[in-house]
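Visitor: I should like to learn how to read the features of a model such as this one. Could we take them in turn?

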Amino acid sequence: MSTDNQTSFTDIPEAVVSVAATDRSVSMVVDSELYPLQAVYGASYIFIDRCYVFIDRPEPGKYRVTLTAKESVEEAEALRQLVGEYANELLSCAWRHQVTQDNRVAIETVTVQAIAGAMGEPSLDDLADFDFTDEALDDPLGIAQSWEDKHGRKSPAEKEQAKAKVPEGEAAEATEAASTEEASA
Amino acid sequence: MSDTRPRPELLRHRAPGATPGSRTGTKALIKVGYACNEHCSFCHTLEVRHIQGSTAEVDGKIRRAAELGHEMVVLSGGEPTIRPELVHWASLTASLGLDFGLVTNGQMLAYPEVVEKLIARRLRYVYLSLHGGTRKIHNLMVRSDAFDAAYKAVENLSGRGLDLAVNCVITRHNVEHLQGLVDALLPYADVEVKFSMVEPKGGGDKLFDHLMPRVELVAKRVMEAISYGDRRVAELGQRGPTFSHGAIPLCLLPGYEDRFDDLKTHAYRTMIEVGEPDFFPVDDLNKTHADRCHGCALRGPCPGLYNGYHEVYGATELYPRRDRPRSNSYNYKLEKLVSLAFEGETHDDCLLRRGVGVTPWDRGRDLFVRNGKRVARFRAQSRDFSDREIYAIKHDLGQLYLDVSRKDAPDDFARDLVQLARSPLCEGCPSFAECTGMFEPVFEDVFTRDDAKVREVLASLRGEVLDLGCGEGPYESILAPLAEAGTIRYLGVDPHAAAIAELRQRWPWAELRCTGGEELELDPERRFDHVLILRAWNHLREPERILDQLLPRVRPGGTLTIVDNVAFGLARTRDQTQRAERSRAQFEHYRNDSLADAARVLEPFGARFGLAEIARSTVGPRTSNQWLLRVRVS
């Protein structure tokens, strides 16, 4: 929470809250790097039975949470208690959020496997639409052909045959040319 | 892709049971042939691109993978997706209850229908090549007009619950363009982007000078790309993509050591080339750790350098890390009870030669243990040790033990551990040299037996004794009477305050100092008749410096005795392994030196101090893991 604001609550370190003039509300500025927005929502939700909760963003990187008591507040102590409870709830929500993030993969794994298991075997309707054929894939763009076929290059076996047919000196030149071609490609 | 033909609306199903990044299922890699629709300059299989495996051959290998207990079949090549049998092989794999995976250039997966068909047949894993974030870079690398199709494939595959990795091979041509690939893949949060050093094999060997960047430069650019990618992912508030690296020595990647990625991190167990009769374990034999890597704390998971690279450039770019402690043991976790009624008596009856197979099992990491009629298979997944280290511990040093305790970590070896040795079944077996072997328990307390030699040395001490690393004082029964009789004057040194405090209570006869060996300060005139370094050698950060300080303090005729343990493997149940892996015990060893390693360190001091070896006990099968080296200083 921000240290910029002044507070009348001397036991809250570093002046983290400001008290509105109505004496029924209290505002806190929360550092968004320390507390994710999800944690702010979570903590605020806990208070909606006792307070009206307003959340805004006074400046980048800060959330401001204003708690306005639904019933009149007799003493400043009651407001201080709200601040303390909110701060603890915010920390709890931030931590739970972190734990959830850390366990996300495990939770997804278990959930997906449970759902997949619960779904059981495909129905007959599902099976009717299913393509059971193992036929070769449709390839309108001609992707599934070897580079040598596509570019009309000879295989090593064909190269050997061709080399056997030409005189020795010419074969060496051809090999050198092929290597140069590959290196510069 | 420019295909504009009308297509039926495709339902994008998420692959059930598949989770991004889930890599628990063991994989078998099958090369279906080496033909390819691209012609990468660094192609591994440049010389064999005309060879294709037959349908029947690949069918048989898929069935064999299921028989071996693998959970996924991954097809590779060449390019497996250009084979017309692709859907048939996916169907066959699924029919055997296995998941299906592809190592591919991805072009055919630009067709959405192909992806749908394969996902319906349990496609769960794709390792796709993309070597640049633009047409210019990628197409230059693969010498084909392939970028659009490969990039479309990423789009088709992302978000489908697949384990999806995009591999970028780094050559001189793209080393300065890695951040472009990061930018191109940012929209796909479930992708793992891997940067791999080019291998000097096939085209990478033939065009070595043309392609091979210096590994130090590659590491620098990879760190920059990963750092950039991490930052962009955080700015976008996404959970990915994630970034990793492969085949780059870890000492060149400070801060990114844990991002290493290789066949083992992808849970590949075995692979098979076209024409091979059976599967072989995946290994790192195409890479090497240079001599200067000895004692590096990162050695376990570090890929080292490609052999071909090391031959040309040596290891001058490497910076071994000797300032970090490392593990001195690893676990073999129980995987399967292979037989409950095995009654074989000779190698001809052996399960490994009959059905289970000899070649598919890693000689270091797979462990078969026979106890009576039962045969169990264990597996070491540890990356604290390299494949070569694990092999040496298992076969050369014979340091395998069954953990019969119920503790997180055994602390009384004589009670807690039972040694495992090669079974008599293996005697005379023609497959002995290439087989992972059958092992059996040896019901003998090798620890107490071998420690008797140390006790014998201690009992013979006279005069001033320095015990560097005295620990909790395990030899009290021998040292206390000698000290109390005035036969020895004892100085014990140990960095552990609690151990020294406790010894001060128990050993009023001893002078005790709480300090590390490197920090020990002694009166300039202080001399000793005997220096002991008992099971503390591997705890010393700089043994050379300590010897340099202590040997001048040994009186002529005095001795230096070094005793320590080599690393060892523990066969454990799943519960034991899980408990041990949860343990927060800190590593304390800087090395796992053998007697030979210690002797190498002593060698430069030999002539200067007239060192003469007077006793040695080496480690081997059927000994404990403790060695002893004793020299006289003349």
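Visitor: Which residues of helix α3 (residues 112-120) of chain B are buried?

Guide: A residue is buried if 20 or more other C-beta atoms lie within 10 Å of its own, exposed if 12 or fewer, and partly exposed in between, with C-beta atoms placed from the backbone. In α3(B), that applies to B:Val114, B:Val115, B:Lys117, B:Leu118 and B:Ile119. Helices (H or I, at least four residues) and strands (E, at least two) are DSSP runs, numbered from the N terminus. This is a predicted model, in which local features need pLDDT of at least 70, side-chain atom pairs count only at pLDDT 80 or more, and totals for chains, interfaces and linings use all residues. Residues are numbered from 1 along each chain as its sequence is written, while chains are lettered from A and ligands numbered from 1 in the order in which they are written.

Visitor: Against what do the buried residues of α3(B) pack?

Guide: Two residues are in contact if their C-beta atoms, placed from the backbone, lie within 7 Å. The buried residues of α3(B) pack against α2 (86-95), β3 (99-104), β4 (123-129) and α5 (147-157) of chain B. After α3(B) comes B:Arg122, which has a positive phi near 70°.

Visitor: How does α5(B) in turn pack with helix α4 (residues 135-142) of chain B?

Guide: Axes are lines fitted to C-alpha atoms, for helices over the stretch in contact, and angles run from 0 to 180 degrees between N-to-C directions. Angles under 35 degrees count as roughly parallel, over 145 as roughly antiparallel, 65 to 115 as roughly perpendicular and the rest as oblique. The axes of α4(B) and α5(B) are 9 Å apart and the angle is about 110°, so the two helices are roughly perpendicular to each other. B:Arg135, B:His138 and B:Asn139 in α4(B) meet B:Phe147, B:Asp148 and B:Ala150 in α5(B).

Visitor: At what angle do helix α6 (residues 178-185) and helix α9 (residues 215-236) of chain B cross?

Guide: Their axes come within 9 Å and cross at roughly 25°, which makes α6(B) roughly parallel to α9(B). The residues of α6(B) that meet α9(B) are B:Leu178, B:Gln179 and B:Val182. Their counterparts in α9(B) include B:Arg221, B:Val222 and B:Ala225.

Visitor: How should strand pairing be read?

Guide: Strands of a sheet pair through backbone hydrogen bonds, either parallel or antiparallel. Two strands are taken as paired if DSSP finds at least two bridges between them. Strand β1 (residues 27-31) of chain B pairs with strand β2 of chain B in the parallel sense over five bridges, and B:Leu29 has B:Val74 as its bridge partner in β2(B). Four of the five residues of β2(B) (residues 72-76) are buried, so this strand is largely enclosed by the rest of the structure.

Visitor: In what order do the seven strands of the barrel in chain B close?

Guide: The order is β12-β14-β13-β17-β16-β15-β23, with mixed pairing. From one strand to the next, the twist averages 40°. Strands β15 (residues 400-403) and β23 (residues 568-572) of chain B run parallel and are joined by three bridges; B:Leu400 has B:Gly569 as its bridge partner in β23(B).

Visitor: Is B:Arg579 of chain B counted as buried or exposed, or in between?

Guide: B:Arg579, found in helix α18 (residues 574-582) of chain B, counts as partly exposed because it has 15 C-beta neighbours inside 10 Å. B:Arg579 and B:Lys407 are 172 residues apart in sequence, yet 8.5 Å apart in space, C-alpha to C-alpha.
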